[in-house]
There are 2 protein chains.
Amino acid sequence: MTRRSGAATKAGILEAALARFAEDGYERATIRAVAADAGIDPAMVMRYFGSKERLFAAACEVDLGLPDLRGAPRDEVAAALVRHFLSHWEPGESLPVLLRAGVTNAQAEERLREVFAAQVMPAVAALTPDPRRVGLISAQLLGMALCRYILKFPPLTTMTREEIVAAIAPAVHRFFDLDNEEKT
Amino acid sequence: MTRRSGAATKAGILEAALARFAEDGYERATIRAVAADAGIDPAMVMRYFGSKERLFAAACEVDLGLPDLRGAPRDEVAAALVRHFLSHWEPGESLPVLLRAGVTNAQAEERLREVFAAQVMPAVAALTPDPRRVGLISAQLLGMALCRYILKFPPLTTMTREEIVAAIAPAVHRFFDLDNEEKT
DNA sequence: CATGGACGTCAACACATGTTGGCCTACAGT
DNA sequence: ACTGTAGGCCAACATGTGTTGACGTCCATG
């Protein structure tokens with residue numbers, strides 16, 4: 001048996017956990033499966049992360065890295081927002097984990113609300129003072145991610161990312177910019 | 001012990017199952033908990049439904065009852081669609097069950113795609129021939145339901161249903177009616 | 001060279017779950 | 001009154017889970 005450094009093992013576990021949680025959600029993802037993927041004994045997971053709950057918390061760390069939107073050109077900011085959001089849905093990211101688990105796991109649900117309140121809310125608040133608008137935009141974006149990446153609705157999975165951006169951005173734009181438009 | 005009729009017991013189990021699946025999702029909802037809620041023995045659930053999987057299938061039966069939208073006035077049809085959709089999210093309905101479970105359970109995920117393909121798709125197809133538009137509308141509606149009823153995002157939970165309709169309907173309208181509008 | 005600590009495995013515990021078969025009991029039909 | 005059947009309960013089994021502790025083994029450091 002070749003030995004690995006502790007940090008490398010820990011990283012390997014986290015990588016495997018990220019994949020498993022994203023694929024199966026919190027309850028169906030087992031410590032044993034994560035350990036098998038990482039090529040080590042289940043007891044190692046406990047040694048490095050303490051418990052399944054804490055392993056999951058580590059896999060939930062997510063930083064959307066939303067830029068400061070103040071003063072951004074309103075025409076492009078919606079498309080940029082959508083594009084930025086979609087880029088966080090590749091395999092290995094934390095967002096799939098969070099959504100997959102957040103629907104059935106109270107801890108993940110709370111974490112998701114935190115991300116919303118601490119990252120999305122302040123960023124989009126630069127564009128509109130109305131928190132309800134931010135909720136609407138989040139619903140739009142999360143709904144797209146849900147249908148495309150989780151539920152795999154055929155018309156959405158076959159579209160390219162830029163097609164998605166082109167289709168969604170105007171709707172997002174409209175949500176934070178209703179005042180400047182006429183009603184249809 | 002007062003005896004109930006078989007049909008009444010079966011209905012009681014189904015009601016309890018609906019609530020449990022909606023609250024906890026497929027994996028965390030246990031036969032024992034459903035039986036306890038229904039006030040009977042877990043073995044009864046097996047007698048009447050055969051297995052957890054078949055009990056879940058029974059709880060997944062959903063008929064959105066979408067009306068024929070052909071010839072409907074395009075101005076009102078979006079609002080009607082949103083309102084109709086939201087009405088299926090009250091406790092006791094099958095849609096919360098389906099979404100809560102569809103994110104982690106393959107069977108429910110497949111069922112959700114079926115509902116989409118067999119009910120939503122044909123109904124909305126009367127308004128636009130492009131299936132991608134139907135996907136976008138579904139993403140919009142499911143995203144709203146997800147954020148409001150499952151994740152309970154504060155700004156969305158405090159809005160009234162009609163406020164939601166007023167906010168979402170124009171976006172939906174725009175999705176199936178892009179051709180008739182100018183771009184912003 | 002020894003030796004302690006980090007890396008890793010193994011076997012087992014305690015518990016919850018879906019599921020099964022046997023048994024009891026009330027009620028309807030004769 | 002007798003009895004078959006349907007409604008219902010109980011105890012148990014097999015399995016998979018998170019978690020734990022004891023036991024090896026390599027490597028760097030004295």
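In the predicted model, the contact between the two protein chains draws 38 residues from chain B and 38 residues from chain A. On the side of chain B that touches chain A, at least two residues each are supplied by α1, α6 (94–102), α7 (106–125), α8 (131–150), α9 (154–157) and α10 (161–176) of chain B. Of these elements, α8(B) gives the most to that side, with 14 residues. By class, the side of chain B that touches chain A comprises 20 nonpolar residues, together with nine polar and nine charged ones.

The arrangement of the two chains was examined by superposition. Chain B is brought onto chain A by a rotation of 180°, with 0.0 Å of shift along the axis and an RMSD of 0.1 Å, which is the relation of a two-fold axis. Within chain B, the C-alpha nearest this axis belongs to B:G143 and lies 1.7 Å from it. Because 100% of the interface residues of chain B are also interface residues in chain A, the copies meet through the same surface.

Helix α1(B), which is among the elements that supply the side of chain B touching chain A, departs from a straight course. Although α1(B) has 23 residues, its end C-alpha atoms are only 27 Å apart, short of the 33 Å that a straight helix would reach at 1.5 Å a residue. A bend of about 85° is found in α1(B) at B:A22, and B:A22 is itself one of the buried residues of this helix. The other buried residues of α1(B) are B:I13, B:A16, B:A17, B:L18, B:A19, B:R20, B:F21, B:G25 and B:Y26. The packing partners of the buried residues of α1(B) are α2 (31–38), α3, α4 (52–59), α6 and α7 of chain B.

Both chains also contribute to the surroundings of DNA strand D. This strand is surrounded by 19 residues, of which the closest are A:S51 from chain A and B:G6, B:T9, B:D41 and B:A43 from chain B. Two or more residues of the surface near DNA strand D are given by each of α2 (31–38), α3 (42–49) and α4 (52–59) of chain A, and likewise by α1 (6–28) and α3 (42–49) of chain B. The element that gives the most to this surface is α3(A), with three residues. In terms of residue class, the surface near DNA strand D divides into seven nonpolar, five polar and seven charged residues. Helix α1 of chain B is thus listed both for the surface near DNA strand D and for the side of chain B that touches chain A.

Notes
Residues are numbered from 1 along each chain as its sequence is written. Chains are lettered from A and ligands numbered from 1 in the order in which they are written. This is a predicted model: local features need pLDDT of at least 70, side-chain atom pairs count only at pLDDT 80 or more; totals for chains, interfaces and linings use all residues. A residue is near a molecule or strand if its C-beta atom, placed from the backbone, lies within 6 Å of it. Helices (H or I, at least four residues) and strands (E, at least two) are DSSP runs, numbered from the N terminus. Ala, Val, Leu, Ile, Met, Phe, Trp, Tyr, Cys and Pro count as nonpolar, Asp, Glu, Lys and Arg as charged, and the others, Gly among them, as polar. Two residues are in contact if their C-beta atoms, placed from the backbone, lie within 7 Å. Copies are superposed by least squares on the C-alpha atoms of residues with pLDDT of at least 70 in both. The expected span of a helix is 1.5 Å times one less than its number of residues. The bend at a residue is the angle between axes fitted to the seven residues ending there and the seven starting there. A residue is buried if 20 or more other C-beta atoms lie within 10 Å of its own, exposed if 12 or fewer, and partly exposed in between; C-beta atoms are placed from the backbone.
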